[in-house]
Amino acid sequence: MRNRITATIIAIVVSVILLIWLNKGEQQAAIDYQTQGISIGAIESVVNTAGSTKAVVTVEVGTEVSGLITKLYVDFNDQVSEGQAIAQLDDRSYQARLRQAQADVTMAKANVAQQQAGLTKSNAELARAERAYNRQQQLITQQLTNQTELDNAIASFETATAQVALSEAQIQSAQAQLLQRHAQLEQAQLDLDRTIIRSPVNGIVIDRQVDIGQTVAASLAAPTLFTIAQDLSQMQIEADVDEADIGKIVQGQEVRFQVDAFPERQFRGQVQQVRKAATNVSNVVTYKVIIAAPNQQQLLLPGMTANLNIIRGQKQDILRVPNAALRFKPTGANNETAQANPTDMAEKLIAELKLSADKAADVKKLMSEFQNNLKQALAQSNSPGPNTDRRQIMQQQRQKMQNRLQQILTPEEFARYSQLMAQAREQRQQGSNGTAAQVWKLAADGTLYPVAIRIGLADDEYSEVLSNELSAQDNVIVRAVRAS
C-alpha cells in the first residue's frame, strides 16, 4: 500500500515537472513583434563623400629661359596683378646675345647694300655690251668688220645679261639673310624680356619654390617657380564619388560640407560638373564631381579636406515609413513585391514583336529564369540598407536578362523591345511613381499580413510613402523578438 502511494506521488511530481517544462518551452517559442508608427516628418537623402578644396584657376608660373635668380619681387600670400614682375633672372648673357644679333642685322643690311651696288654695276656693263653688240651688227651689214668681232660682242652681251641675273639673285639672298638676322634679333630680345618673370593672371601667390641665387634650368618641362591662385573668393572641391552613387548626382544639386579647420561650421556649395572619366584604383571605380563653393570670407584654403553631403532631395511634412519595416520579413515569407508576372511579360512581348514559335519558347523560358534568379538574388541579400541594394540587385538581374534577350532577338526586334520598355517606364512615371516595397502589419488576432506600398525619397532612417495603403495612424512591424 505504501509503495503504491509512493509511486502515485512520484507520478504526480513528474507530471507537474513535465507540465512546467512544456509551458516554459511554449513561452520560449513565443515571438514578440515590435512595431513602429507611420509618421509625418522630413526626409533628406544625401550622398556622403570627401574631397579637397582648390582654387578655380591655379596657375603654375615657370620660366622659358635658364639663369640665376637675382631678384624676387613677391613672396607668399602677396597679391599680384597680370603682367606684374615677380622675379628677375641674370640677364647679362642675354644682353650680349642681343648686341650680337643687332650687329648681325647691321652686317646683313650692309651686305644688301653691297649686292644692290653690284646689281647697278652689272646693269651698266649690260648696257655697254648691248651698245657694242648693236654697233657690230651695223658694221657687219656694211662689211666694215668681220664675224669674229660680232661673235665677241654677242658673248660680251650674254655675259653681262647673266651677271645682272646673278646680281639680282645675290640681292635676294642678302635680303633673306637680313630677314634671318632680324628673326634672331627678335628672339634675342624675347629671351632678354623673359628674364623678367611676370604674373600671367591677377591673384595671390600661394607657393614660391625659388630663392635669390638659385639657378633654374629651362628644359622640355618648364620648372615651377610660383603657384598663383587667381581668385580665392570662389573655390571648388574635387570629390571622388563611387560608381554605385554617381547615377544619383546631377548638376545643380546643393552640397553641405565641413572642413577640419572649422568643425562646427557648415559650408554650402553646388554640384557644378560630373566628369565622365573614371578612375580605377585597386578595382574601385570612382568619378570626379566638381563642386563650386563660395568663399567670400576667405576661410577655405587650398588643399583642405572637405567632408561632403550631396543633397539628392529634401521634403517636408511627408508620410514616411521606417526603413527597418522595409527590411523586416517573417520566416517563410518570400521576396515578391509587386513584380510583373513573367508569363504576362513574355506573352505581351511575343505579341508585340510577332515572334516565331522557337523564339517565343526561348523568350518564355528566359522570362521565367529571370523571375527565379531575381527571387534567389533578393533572398540572398542581407544588406541593412533601406532600399538601395534591392534596386541594384533588380537592375543587375534585368541587365543580364536583356543581354541574353539581345542574343535571341534580331537588332530590329531588340530595338522595338527597348522602345516598349521605354514607353512602359514613362507610363509608370506618369502613373504611380516610386519603387515597389512591402511592409508587414499585425492584425488584432495576432496574425501578420503584408501591405504592398511604393516608396520614394529615402534617408538612413525613413523612406517616403507614395501610395495610399498606409496612413499616419498605422503601425508596421520593424523587428521580431523571441519572448523570454
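This report describes two sheets, a group of aromatic rings and two arginine–ring contacts in a predicted model.

In one open sheet, four strands follow the order β3-β10-β8-β5 with antiparallel pairing. Because β3 (58–62) and β5 (79–80) stand at the edges, each with a single partner strand, one side of each is left without a neighbour in the sheet. The partner of β3 is strand β10 (residues 224–229), to which five bridges join it in an antiparallel run, and within this pairing threonine 58 stands opposite alanine 229.

Another open sheet, also of four strands and with antiparallel pairing, has the order β7-β6-β4-β9. Here the edges are held by β7 (196–198) and β9 (215–216), each with a single partner strand, so one side of each has no neighbour in the sheet. Strand β4 (residues 67–72) is joined by three bridges to strand β6 (residues 85–89), and isoleucine 69 stands opposite leucine 89 of β6.

A search of the whole structure finds four aromatic pairs, including the two tabulated here.

| Pair | Distance of ring centres | Angle of planes | Arrangement |
|---|---|---|---|
| Phenylalanine 257 and phenylalanine 267 | 5.5 Å | 20° | stacked |
| Phenylalanine 262 and phenylalanine 267 | 6.3 Å | 65° | edge-to-face |

Phenylalanine 257 lies in strand β12 (residues 254–259) and phenylalanine 267 in strand β13 (residues 262–281), so their pair ties together parts that are ten residues apart in sequence. Phe257, Phe262 and Phe267 form one aromatic cluster, in which phenylalanine 257 and phenylalanine 267 are both buried, whereas phenylalanine 262 counts as partly exposed at 28% relative accessibility.

Elsewhere, arginine 97 lies over the face of tyrosine 94, at 5.0 Å from the ring centre, and arginine 320 lies over the face of tyrosine 462, at 3.9 Å from the ring centre.

Technical notes:
Residues are numbered from 1 along each chain as its sequence is written. This is a predicted model: local features need pLDDT of at least 70, side-chain atom pairs count only at pLDDT 80 or more; totals for chains, interfaces and linings use all residues. Side-chain values use heavy atoms; hydrogens and water are left out. Two strands pair if DSSP finds at least two bridges between them. Helices (H or I, at least four residues) and strands (E, at least two) are DSSP runs, numbered from the N terminus. Rings of Phe, Tyr and Trp (its six-membered ring) pair if their centres lie within 6.5 Å; planes under 30 degrees apart count as stacked, over 60 as edge-to-face and the rest as tilted. Buried means under 20% relative accessible area, exposed over 50%, partly exposed in between (1.4 Å probe, protein chains only). A charge sits over a ring if NZ of Lys or CZ of Arg is within 6 Å of the ring centre and within 35 degrees of the ring normal.
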